Amino acid sequence: MSRLFRTVGSISKTRERSITPVTVTVLLCIIYTGFIVPPSYMVPWLGWFWRVNPLAYTGEVLLFKKGASQQRKTFLDEESGGTTPIQPAKRQPSNQTISNSATLTALDNEDVVAMVSSTSAVFHWTNLNYEIKTHEEKRKILHDIHGWVKPGTLTALMGVTGAGKTSLLNVLADRVNVGTVSGQIFVDGHSRDAGFCRKVGYVQQDDIHLPTTTVREALQFSALLRQSQAKTRKEKLDYVEEILHLMDMERYAEAIVGVPGEGLNIEQRKRLTIAVEMVARPELLLFVDEPTSGLDSQTAWSICTLLRKLANNGQSILCTIHRPSFQLFCTTLYFGDVGPNASAVVNYFESNGAPRCPQGENPAEWMLAVTGNKSDTSSLSTTTASWDWNEIWNMSQQKRAVLQQIDDLTSATDTGASGSPIAPSPKLASSDDNEYAASRRNQLIIVSKRMFRDQWRDPAYLYSKIAVSICIALFNGISFYNGRLDIQGVTNLIFSVFLVTQVFSAVNQLVITFFVKSRTLFETRERDSKSYSWTVFVAANIIPELFWQTVTAVPVFAAWYYPTGLYKNGDASAGTVERGALAFILVWLFNLWASTLAQAFAAAIEQAEVAIQLAILFYWLALTFGGIIMPPDGLGKFWIFMYRVSPLTYLLEGLSIASLAGSEVDCGPLEVQQIPVPGGSSDLTCGEYLAPFAAVSGGQVLNPSALSECRYCPVWKVDTILASFGMGTRDMWHNAGLLANYVCFNMLATFAIYWAVRVLKRSKKSP
């Protein structure tokens, strides 16, 4: 079978597209083994599969080894001691830190244009320290860092790999959930409020976007969720168009984002990442993490020009810039203005003993060389590379000026002698200081809409999910086309009911993979930016699945229920319409149960592959103890509870009762028993002679008026066969109610598990 799976996988473009043919093939292999369904009961248009089915030959060998080919399955009646032989299936024999601080430089803002919302708050920090615990020791990532970002400036944190630029950015943006942070961070001299995270923008180094959305839709999604409630919907959408124009993105505004290599190019994806944060109208600051990393020189220059343009239009920006080096900076080396042509920073280092910067030399490269942070050291750095530039900075006039500036910023709002953070500024602590900008209702509507659109534009996911469900139902239905109501035929139809559940394995793989993909986008970008809450995320994943599973349940029910002929069965206790309605509701509830159970496992487990396997294991346990494979009478006392708690017990019982209960059995020729009337009882008819036995065993005399050879059908009502599987004939709707409770339980469990595993656990790690 593994060779078959590999063959299908090699000709399928995606894993999702390979699921349907593989699942259908496995289903046919299960049906056409010749064990449950004898060859004589196989439909002619698919019966040929029995002869090419590898499982049929494998099963035959195993049965012969155990002597199972000579056993006969019987229904036992303890009171009468009678047996009802069932003709067994027969087959003829056949041949996949800052650990040190970075250099800080600032560029002054020029003209401010009204197109972009300008910022007016001063953001500053002092004595900032950050420690994390590694094994048995603590490691200090940030050490006494001071700085500020004034309105309308572009400030760069320059440092080498591992210098802690991103760590500093995350601490300032309140995005760390491990370690210990000390020091003070102020907005206009006041502590950060609950709405701080959504009042700033954070451009991540990685360009993470939903592949199926367009550029305009991605920006509208961010604007509608993150802009202040004081803004109308029209104002928010109009601002999106302004940002598209400002960032020169109008020509590809309707383009699908896609994935790297298919869709937007590298520069366009980086512009989109920045634009997603810009349309949120960050009131305080825009953080940008290494916007040029991984880009070629032309693209990097284009992004730097864009950041300069945004600063010129009134946006305060704090970004990190990567410089390669073989060693790390040691805390802060310089903080201040760059000056025209980097004259200010060059003068600082030259005045402290560094060799003069040669004319035409790149000031950034020169600075790294003189401080010993460039792998290609030259003669000009041999003297100064070993100097303690951090100590020089600490003793400099520029450092004293920085501390004086920070003291002025802090004392301007009278923090007090203790230096403890004071209450948020009235300007910031307004009615708009909620954790999220949009109401929960609007969040749910907007996110659910995007989730529906994402699934609709992902045919590999949506079509595979629908197609595999319909195909399984259709091949199941036509394999038991117009099933006969003899003993073997009823057994076949119960097996067909059993096969209805096989759709879980395929749907489970698709739903879990999609949930994990959506969770990655939410937790990597949208959660920390406070776009929407985790409860909205979970609900927005559940709602579309409920909808599509409801839509899918209609053709699935029709493709299975009507070809099998089950729609014909009915009696005085329940007509065909009521039975059909109950059968549809049960199929619908099972579809909902399958998707919600898969989401519960996806919420609990990090890796999609592990979640898929554990969900399938749970499913097979529920199926094994569902009453078909092993009737409850055959279970030990320890395992009987599994039968009672298995949701598939009530699904299988409900479908079997709705489809077959109350019907009369028409024994086939091989199932009719020939019973002679004993000598001396010639005056008794077959009906009179076998009446007591038939009353106890539940059989039927086919020729009650005969006097000699009596023809006896061991089963008269299907209820007798259902009883052998532990299926009672109580209120038919009882099982539907129980299955609905399991669906509700799965949804509540998804919320509870996500909170316990991902929300509570993360909050405990927060410093």
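**Disulfides and aromatic contacts**

The disulfides of the chain follow the pattern 1-4, 2-3 when bonded cysteines are counted along the chain. The model is predicted, and two disulfides are found in the structure. Alongside these bonds, the structure holds 31 aromatic pairs. The points below take the cysteines before the rings.

**The disulfide of Cys-667 and Cys-713**

- Cys-667 is joined to Cys-713 by a disulfide, with an S to S distance of 1.7 Å.
- Cys-667 belongs to the loop between helix H23 (647–660) and strand E14 (673–676), while Cys-713 belongs to strand E16 (residues 709–713), so this pair ties together parts that are 46 residues apart in sequence.
- The disulfide is right-handed, because the torsion about the S-S bond of Cys-667 and Cys-713 is about 60°.
- Cys-667 and Cys-713 are both buried.

**The disulfide of Cys-686 and Cys-710**

- A second bond joins Cys-686 to Cys-710, with an S to S distance of 2.0 Å.
- Cys-686 is located in helix H24 (residues 686–697) and Cys-710 in strand E16, so the pair ties together parts that are 24 residues apart in sequence.
- The torsion about the S-S bond of Cys-686 and Cys-710 is about -90°, and the disulfide is therefore left-handed.
- Both ends of this bond, Cys-686 and Cys-710, are buried.
- Strand E16 thus carries Cys-713 of the one disulfide and Cys-710 of the other.

**Other cysteines**

- Cys-304 takes part in no disulfide; the nearest cysteine sulfur belongs to Cys-319 and is 7.5 Å away. A disulfide requires the two sulfur atoms to be within 2.5 Å.
- Cys-304 counts as partly exposed, at 32% relative accessibility.
- Cys-744 also counts as partly exposed, at 41% relative accessibility.

**Aromatic rings**

- Among the 31 aromatic pairs is that of Phe-547 and Trp-548, whose ring centres are 5.0 Å apart and whose planes stand at 75°, so the pair is edge-to-face.
- Phe-547 is partly exposed, with a relative accessible area of 41%, whereas Trp-548 is buried, with a relative accessible area of 10%.
- One aromatic cluster is formed by Phe-221, Phe-515, Phe-522, Tyr-532, Trp-534, Phe-537 and Tyr-754.

**Charges over rings**

- Phe-221, a member of that cluster, has Arg-450 over its face, at 3.9 Å from the ring centre.
- Lys-717 lies over the face of Trp-716, at 5.3 Å from the ring centre.

How values were computed
Residues are numbered from 1 along each chain as its sequence is written. This is a predicted model: local features need pLDDT of at least 70, side-chain atom pairs count only at pLDDT 80 or more; totals for chains, interfaces and linings use all residues. Side-chain values use heavy atoms; hydrogens and water are left out. Rings of Phe, Tyr and Trp (its six-membered ring) pair if their centres lie within 6.5 Å; planes under 30 degrees apart count as stacked, over 60 as edge-to-face and the rest as tilted. Buried means under 20% relative accessible area, exposed over 50%, partly exposed in between (1.4 Å probe, protein chains only). A charge sits over a ring if NZ of Lys or CZ of Arg is within 6 Å of the ring centre and within 35 degrees of the ring normal. Helices (H or I, at least four residues) and strands (E, at least two) are DSSP runs, numbered from the N terminus.
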